[in-house]
Structures are given as structure tokens and as C-alpha cells.
Amino acid sequence: MSIRLGLARQRNVTTIAAMSRGLIEHGLPGMWNERRISKCISNPDCVVLVARDRRRLAGFAVAEFWDDRIHINLFCVAPSYQRQGVGRSLLEWLESSAKTAGTFLMHLEVRESNTGARDFYKKQGFAETGFRRGYYAGQEDAVRLARDIRVTSASSPSF
């Protein structure tokens with residue numbers, strides 16, 4: 001396995017949208033379609049990052065940079081690449097970019113039922129900061145997570 005990270009290109013839009021529908025938005029109305037992802041690729045305040053294993057898309061992240069934080073809108077690692085460092089590499093790239101931009105707070109929402117993702121983010125130093133009732137199309141609650149990337153220890157976040 002030879003994973004390489006880089007910015008997504010328009011030719012990646014269909015694959016990213018399909019992975020989002022199948023792995024993130026399953027059971028929900030699809031919000032992250034090809035058009036929306038394409039707009040993010042073109043938006044200078046967003047980054048669409050992909051992890052490739054040769055020509056195969058192993059994972060991706062869609063994040064939006066605001067003045068005081070980076071919001072991770074979508075984050076996905078294909079099942080066959082999970083627990084191999086792909087997700088950690090994607091997060092490290094986003095963290096490095098955020099620090100370069102002078103932004104030191106990362107945040108996101110995750111399905112309350114997605115305990116695997118919640119555990120992953122906790123291991124990466126994120127702390128649960130709240131809930132958003134009915135966040136996912138009124139069908140499921142979200143857990144809000146955040147990480148102050150100035151803090152190096154996962155045990156001492158400050159929000």
C-alpha cells in the first residue's frame with residue numbers, strides 16, 4: 001500500500017459523492033452530491049483532500065476554513081483502508097494546513113450511533129462538546145466534537 005495525499009480534482013467528484021452516499025450518508029437523503037462537492041473543490045475557503053492508493057481512492061476529507069476554526073464537513077476512509085493510518089494522515093494534513101492558516105480549532109459533527117468514528121476522533125485528541133438534536137435530516141442526532149490543535153496532549157483540550 002502506497003498512500004499519497006493530495007487535493008481532489010474534478011475527476012474525483014463522482015467517486016467522492018458515491019463514497020459519501022454509501023459510507024457516510026447511508027439511510028439519509030444525500031446532501032453531498034457531485035455538484036456540492038465540485039463547488040467545494042472550486043471554493044478557496046474549502047479543501048477537498050484525497051488519499052490515493054495508486055489510482056484507487058482510499059479516503060477523503062472535505063473541510064471549510066473559517067476565520068477562527070476549520071470545520072470538517074465530510075471525512076471518510078474506505079473500509080478496506082481503515083486502521084492503517086489513512087484517517088490519521090488525512091487529519092494531520094488538515095491540522096498542518098490549519099496551523100499554517102493561523103487557525104487552531106478543528107470541529108465536526110458525527111452521528112451519535114457511529115461509535116467507531118467517535119472512538120477514532122477521541123484517539124486523535126477530539127473531545128465531545130455537545131449534541132445537535134435531529135441534525136441528520138431529522139432522523140438522527142449528532143455529537144459535536146472539537147480539538148484545539150495548540151494542545152499536544154489528547155487529555156487536555158480547552159474549548
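Visitor: When do two strands count as paired?
Guide: Two strands pair if DSSP finds at least two bridges between them; strands are DSSP runs (E, at least two residues), numbered from the N terminus. This is a predicted model, in which local features need pLDDT of at least 70 and side-chain atom pairs pLDDT 80 or more, while totals for chains, interfaces and linings use all residues. Residues are numbered from 1 along each chain as its sequence is written, and side-chain values use heavy atoms, without hydrogens and water.

Visitor: Which residue of β2 is the bridge partner of Gly6?
Guide: Val50 is the partner of Gly6. Strands β1 and β2 (residues 46-53) run antiparallel and are joined by five bridges.

Visitor: And in what order do the seven strands of the sheet lie?
Guide: The order is β1-β2-β3-β4-β5-β7-β6, in an open sheet with mixed pairing. Strands β1 (3-7) and β6 (127-136) each have a single partner strand, so one side of each lacks a neighbour in the sheet.

Visitor: Changing topic: how many disulfides are there?
Guide: The whole structure has zero disulfides (cysteine sulfur atoms within 2.5 Å). The sulfur of Cys40 is 4.2 Å from that of Cys46, its closest cysteine sulfur, and therefore too far for a bond.

Visitor: Is Cys40 buried or exposed?
Guide: Cys40 is buried (under 20% relative accessible area, 1.4 Å probe, protein chains only; exposed is over 50%, partly exposed in between), with a value of 9%. Cys46, at 13%, is also buried.

Visitor: What does Tyr121 contact, beyond four places in sequence?
Guide: Tyr121 is in contact (heavy atoms within 4.5 Å) with Phe75, Leu91, Leu108, Phe126 and Leu145.

Note on methods: Helix = DSSP H or I, 4+ residues; strand = E, 2+ residues; numbered from the N terminus.
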